[in-house]
Amino acid sequence: MPDKTPRRPKRKSPLESPENAAFAWARFRRLMRLMLAITIGVVVIALVLLYRSNGLISVHFYIATALGIGFAMLATSALMGLVFLSSGTGHDESVEDPLEDELDGDWGKKD
């Protein structure tokens with residue numbers, strides 16, 4: 001039996017506009033460049049502090065430390081940057097909840 005409930009018109013995401021998308025992605029790239037610079041600074045500081053406290057242990061230790069700190073910081077900043085991009089452009093508000101009419105706001109219980 002087909003569903004006879006009326007469909008609301010689909011909400012458009014602001015990111016569907018080329019101008020809005022270009023601005024949002026430029027802001028994301030600017031944020032990532034800033035975070036790359038901060039990450040490089042943190043890695044250098046961490047390596048200097050490790051060298052001053054332990055001396056030359058093994059070059060592999062320093063490489064692994066640099067890669068671990070760098071990857072963790074860049075992955076975290078990329079994911080948070082995408083959250084900021086989605087929220088800052090209004091893309092989050094364009095998402096439709098198909099159960100919105102069926103559930104009330106009180107812990108998802110039906111009336």
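This report describes the fold, the helices and several individual residues of a predicted protein model.

**Overall composition**

The protein has 111 residues, and 17% of them count as buried. Its secondary structure consists of 2 helices and 0 strands. Among the contacts between residues at least 6 apart in sequence, 72% join residues at least 24 apart. The accessible surface comes to about 8,900 Å², and carbon and sulfur atoms account for 67% of that area.

**Helix 2 and its buried residues**

Helix 2 covers residues 59-89, which is 31 residues. From its first C-alpha to its last, helix 2 reaches 44 Å, close to the 45 Å expected at 1.5 Å a residue. The buried residues of this helix are Tyr62, Thr65, Gly70, Ser77, Gly81, Leu85, Ser86 and Thr89. These buried residues pack against helix 1, the helix formed by residues 18-54.

Two of the buried residues, threonine 65 and serine 77, can be followed in detail. Threonine 65 lies in helix 2, as does serine 77. Threonine 65 has a relative accessible area of 16%, and because buried means under 20%, it belongs to the buried class. Serine 77 is likewise buried, since its relative accessible area is 8%.

The contacts of these residues beyond their sequence neighbours give a view of the packing. Leaving aside neighbours within four places in sequence, threonine 65 is in contact with Leu47 and Leu50. With residues up to four places away not counted, serine 77 touches Met32 and Met35. Threonine 65 also has a polar partner inside helix 2: a polar atom of its side chain lies 2.8 Å from the backbone oxygen of phenylalanine 61.

**A nonpolar patch on the surface**

Leu36, Ile40, Val44 and Val48 make a nonpolar surface patch of about 330 Å². One of these residues, valine 48, is placed in helix 1. Valine 48 counts as partly exposed because its relative accessibility of 43% falls between the limits of 20% for buried and 50% for exposed.

**Accessibility of selected residues**

The table gathers the relative accessible areas of the residues discussed above.

| Residue | Relative accessible area | Class |
|---|---|---|
| Threonine 65 | 16% | buried |
| Serine 77 | 8% | buried |
| Valine 48 | 43% | partly exposed |

In outline, the model is made of 2 helices and 0 strands, with the buried residues of helix 2 packed against helix 1 and a nonpolar patch that includes Val48 on the surface.

Key: Residues are numbered from 1 along each chain as its sequence is written. This is a predicted model: local features need pLDDT of at least 70, side-chain atom pairs count only at pLDDT 80 or more; totals for chains, interfaces and linings use all residues. Side-chain values use heavy atoms; hydrogens and water are left out. Patches are made of residues with over 30% relative accessible area and no salt bridge: like charges are joined within 9 Å, nonpolar side chains (Val, Leu, Ile, Met, Phe, Trp, Tyr) within 5 Å. Accessible areas come from the Shrake-Rupley method with a 1.4 Å probe; for residues, only the protein chains shown count as cover. A salt bridge is a side-chain nitrogen of Lys or Arg within 4 Å of a carboxyl oxygen of Asp or Glu. Helices (H or I, at least four residues) and strands (E, at least two) are DSSP runs, numbered from the N terminus. Buried means under 20% relative accessible area, exposed over 50%, partly exposed in between (1.4 Å probe, protein chains only). The expected span of a helix is 1.5 Å times one less than its number of residues. Contact means heavy atoms within 4.5 Å. A polar contact is a pair of N or O atoms within 3.5 Å; within protein, one must be able to donate a hydrogen and the other to accept it, and residues adjacent in sequence count only if both atoms are side-chain atoms.
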